[in-house]
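Here is a brief report on one protein model. Look over the sequence and the structure first, then read on.

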Amino acid sequence: MLKGDVFLFVGRCRQRAKVLYFDGTGLVLLTKRLFKGRFARPWAQAGAVSVELTVAELSLFLEGCELAGRWKLSPPAFEEKELAVEAAV
């Protein structure tokens, strides 16, 4: 079952975009057509068949912003490890 997955389809000329979403009761189709300009070309890693976007990236994409690249703004997740402490004699 698809849970919160959104699928984005962009036309060959990149003037039309469609977003397909399953809300639990049926499919929702959102469409957007640009009368000026084109949608940015989402970047893909070498050999990748699809591209995963965050909600923020999808929003920026649909607003017509150019997706220049990704930068990690958060530090890596902290891994909690046990400390080995010897008792002082």
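How many aromatic pairs does the structure hold? The structure holds one. This is a predicted model.

## The aromatic pair

The partners are Phe39 and Phe61. Their rings are stacked. The centres lie 5.2 Å apart, and the planes meet at 15°. The angle counts as stacked because planes under 30 degrees apart fall in that class.

The pair links distant parts of the chain. Phe39 sits in the loop between β3 (27–33) and α1 (55–63). Phe61 belongs to helix α1. The two residues are 22 positions apart in the chain.

## Burial of the two rings

Are Phe39 and Phe61 buried or exposed? Phe39 has 1% relative accessibility, so Phe39 counts as buried. Phe61 has a relative accessible area of 0%, so Phe61 is buried too. The cut-off for buried is under 20% relative accessible area.

Across the protein, buried residues account for 10% of the 89 residues. Phe39 is one of the buried residues, and so is Phe61.

## Fold elements

The protein contains three strands and one helix. Along the sequence, the order is β-β-β-α. The helix of this pattern, α1, spans 55–63 and carries Phe61.

## Contacts and surface

Take the contacts in the protein with a separation of 6 or more. Of these, 28% join residues 24 or more positions apart.

The accessible surface of the protein is about 8400 Å². Carbon and sulfur atoms supply 57% of that surface.

Notes. Residues numbered from 1 in each chain as written. Predicted model: local features only at pLDDT ≥ 70, side-chain atom pairs only at ≥ 80, totals over all residues. Heavy atoms only, no water. Helix = DSSP H or I, 4+ residues; strand = E, 2+ residues; numbered from the N terminus. Buried < 20%, exposed > 50% of the residue type's maximum accessible area, 1.4 Å probe, protein only. Contact = heavy atoms within 4.5 Å. Areas by Shrake-Rupley, 256 points an atom, 1.4 Å probe, with all protein chains shown as cover. Phe/Tyr/Trp six-rings, centres within 6.5 Å; stacked < 30°, edge-to-face > 60°.
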